[in-house]
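Hi,

Here is the structure I promised to pass on. Have a look at it first, and then read my notes underneath.

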Amino acid sequence: MKPIRTFNVTPALPPLLEPLRRIAYNLHWDWDYEAIDLFRRLDRDLWETSKHNPVLMLGTISQARLREVAEDDGFLAQMERVERQLDDYLRQPSWFRKRRSPKSPTPNGKTPAGIAPETGLTDCYAYFSAEFGLTSCLPIYSGGLGVLAGDHLKSASDLGLPLVGVGLLYQEGYFAQYLNADGWQQERYPINDFYNMPLHLERHPDGSEIRIEVDYPGRKVYARIWRVQVGTVPLYLLDTNIEPNNQYDQDITDELYGGDIDLRIHQEIMLGIGGVRMLRALGLNPTVYHMNEGHSAFLALERIRLMIEEAGLTYEEAAQVALASQVFTTHTPVPAGIDLFPSDKIIYYLGHYAEKFGLAREQFLSLGRENPGDLAAPFSMAILALKMASFVNGVSKLHGAVSRSMFATLWSALPLAEVPITSITNGVHARSCVAKSTQDLYDRYLGPAWNMAPASDPLWERVSSIPDEEFWRNHERCRSELVLFVRERLQQSLRDRGGSLIELSQTQDVLDPKVLTIGFARRFATYKRATLFMRDVERIKRIMLGLGDRFKYNHPVQFIIAGKAHPKDNPGKELIREIVHFTHDPDIRHHIVFIPNYDIHVSRMMVAGCDIWLNTPRRPREASGTSGMKAAMNGLPNLSVLDGWWDEADYVRTGWAIGHGEDYDDPEEQDEVEANDLYDLLEEEIVPLFYDRDENDIPHGWIAKMKDAIRLNLPMFNTARMVAEYAERAYFPASDRARAMISNDYAPAKDLARWHHHLFEHWYDIKIDRVDVSSDGNVQVEQEILVMARIRLGKLTPDDVQVELYQGAIDEHGEIANGQPVVMEYVGADADNPAMSVYQRAIAYRNSGFQGLSLRILPKHENLSSPYQPGLVLWA
């Protein structure tokens, strides 16, 4: 029965309890344990059944209970304290304000979100992502990419960064996982009730919903806007599940990563193009647009269209402005992880942009092609993002190198090391992942600023001052809490699928709170090799039972495993089933469990309560990985293949490395070698160290390892460091470039576009006439060599180019390896031939051996973000 009227019914709170509403609607409570304790104190059972959703709690709790706590002085005092802490947090002096001086107003005079008009600060950075993992009661994320995006917003808030998040609000989100009796993953899609979640529906002053419209073939699709307040940072989410959209269009924001290729392109159009329109509808004018993965890359097309229509720019001029102010972070280490669309679909859905830009079909499609001449190639969202960004990064040092190899053909004239893709290693939000009792420990011994302190801060030396006994008893408490949680979660999942009384009774003594506990939790993609530890079943069983080949005493080991496979990934589901079947082995069923429906809450319990964090990806397939960082922040050593972030960590003092970073041609050989290395490490080093106790049962050697994990990893692999790095290396320079490009009615952008056209027209007329070297080829270390070059620039000038020498050792292939560029000095026109430009530079070699020298020419312009940006390099 359709209703004739609808109402949004909000909780009725006694006046004294109104602060609860304000606290509930700002996600700052998610990393403020006193706020969490406040809601748990309000109704412990309801806090759990609501999946830690304070908004739903306030809407369903009995009025009698509200009246009761309104007269409880202790509760009121705690509530006032939590509200005061929120106020103090929102008003605190920020890292950002200390580093950015006031800027001139943006062109439309609007003040971006999160900036008080009186400050004069008008930077605003828009962060686009297909998913955001903020807290367990907002299930609009699938895994690491989303949790990273959520942590990015949290740390941006901590730093006072004027960031706004842009995403989609999914009615069903990502699936809830459950297992059938055979251990096969099943999916359930609970409906998200937006009105009982910490969401604000954005409205006009007259109370009507703010809506945007996006053009699709033959129709318009409408979306409303919801806001999640993440401390000081607003996250705006688009929702198409409204009339007058037809059913298909309402389902655009139905599932995360669901549907077919047509639905995927619908979602990415809404995210990128709709996201830009949403920001304008909210009165925001960002100076930087950050594409977190390629899903949102269509935003560049919409920005160019707007500048063409509203500022009267040409396509080339508008593209220069867009590129200058856009940042792209790639997360995938394999081509298979990139969204590709057939050319015909791109033209069908977005061909009107080509017409607006004045580009022919193949010119437009070349924006998303690695090789513009390959007319059969699909359209790549990653390539579009790469071509439309002035700053591109991978998410670990190793992933940066992998990404340079993946996309090297875009800059085919450059040595691989100079491909303009850098890296900013991921981090995690410390206050969100460190257990409450452990945070209290850090607050007492390190001071309350530990979560933001850089690695250079002397406070990290105080970690060693934490008494070993106090440190260990705290960790044992976390492990005991994890064991109880696992038993309760297993009982609930068994009840949900109708498990027998015998099965239910068996969960009551699964795991031992005193035993070495290894955690493994992540997405079940096959390259992550979740079953590598089971390669030799008999050997791992002996290890788990304390009967390992090298054990002298009975020292058991237990495993807690969790994670989801993508609904269409049957090989990933098969890995889960293998593990579940293994957990039923009567010899070891008390020593291993699989926890269904892995989410943020399960993750927080595991990284706090396990003793070791296991990670076994097939190198170099792990872009970064962040669960191990969360574990390290709680003091857990990592046991991992040298991939992603672990490859750049101190894996000797803070854990153990599986293998030595080798790359294998034969996967079977790799699995065999690394599985045996895993078993050897457990038997020879890990288990003996864990069980080496003093008379008070304190493992001092193990604790030293835990303290090193905290001291060396927490400040480095922290989103406080990561977001500050994004700000200083990407946001600040891009924002300044954007301001420069739009000044004086876009004069710099127009000049740069003209220069680009002139450059491309005359680049190949450049001729390197002569290179003279003041040596016969035999030189000594540090001996100065003078190099002079005569270059015919044609219609270009010395202001248009940068001439460099490129020197380095010669490798076995006759190539300069790891060469270093040195800029040559323009000394004027040749006296005998004024059409010839003369450059010179003195160089020397610091190392002996077979060394090489070359010369190259790159474009140069004051408004160019990088000399590599045009993709033009001329080598001698």
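Below is what I found, starting with a sheet, moving on to a cavity and ending with one residue.

Before anything else, please keep in mind that this is a predicted model.

Let's start with the sheet. Six strands make it up, and it is an open one with parallel pairing. If you want to trace it on screen, the order is E17-E16-E15-E18-E19-E20. From one strand to the next, the twist averages 20°. Strand E17 (592-595) and strand E20 (655-658) are the edge strands; each has a single partner strand, so one side of each has no neighbour in the sheet.

For a closer view of one pairing, go to strand E19 (residues 638-641). Four bridges connect E19 to E20, and the two run parallel. Here you will see leucine 639 opposite tryptophan 656, which belongs to E20.

Two helices lie across parts of this sheet. Helix H19 (residues 468-496) crosses strand E15 (516-521), strand E16 (557-562) and E17, and its angle to E17 is about 65°. Helix H23 (residues 600-609) lies across E15, E16, E17 and strand E18 (612-615), and runs at about 145° to E15.

Keep H23 in view, as it comes up again with the cavities. Searching the whole structure gave four cavities of 30 Å³ or more. The largest cavity holds about 100 Å³ of space. Which elements give two or more residues to its lining? They are helix H8 (144-159), helix H17 (430-433) and H23. H23 gives the most, with four residues.

If you'd like to select the lining of the largest cavity yourself, pick Gly133, Leu134, Val147, Asp151, Lys154, Ser432, Cys433, Ile600, Ser603, Arg604, Val607 and Lys630. That set is a mix: five of the residues are nonpolar, three are polar and four are charged.

Last stop: glutamine 78, which sits in helix H6 (residues 73-91). Is glutamine 78 buried or exposed? Its relative accessibility is 8%, so it counts as buried, since the cut-off for buried is under 20%. As for what surrounds it, leaving aside residues up to four places away in sequence, glutamine 78 touches Glu34, Asp37, Leu38 and Arg41.

That's everything from my side for now. Happy browsing!

Best wishes

Note on methods: Residues are numbered from 1 along each chain as its sequence is written. This is a predicted model: local features need pLDDT of at least 70, side-chain atom pairs count only at pLDDT 80 or more; totals for chains, interfaces and linings use all residues. Side-chain values use heavy atoms; hydrogens and water are left out. Two strands pair if DSSP finds at least two bridges between them. Axes are lines fitted to C-alpha atoms, for helices over the stretch in contact, and angles run from 0 to 180 degrees between N-to-C directions. Contact means heavy atoms within 4.5 Å. On a 1 Å grid over the protein atoms alone, a cavity is a set of points where a 1.4 Å probe fits but cannot get out, and a pocket is an open set with protein on both sides within 12 Å along at least five of seven lines; lining residues have an atom within 4 Å of a point. Grid points are joined across faces, edges and corners, and a volume is the space filled by probe spheres set on the points. Ala, Val, Leu, Ile, Met, Phe, Trp, Tyr, Cys and Pro count as nonpolar, Asp, Glu, Lys and Arg as charged, and the others, Gly among them, as polar. Buried means under 20% relative accessible area, exposed over 50%, partly exposed in between (1.4 Å probe, protein chains only).
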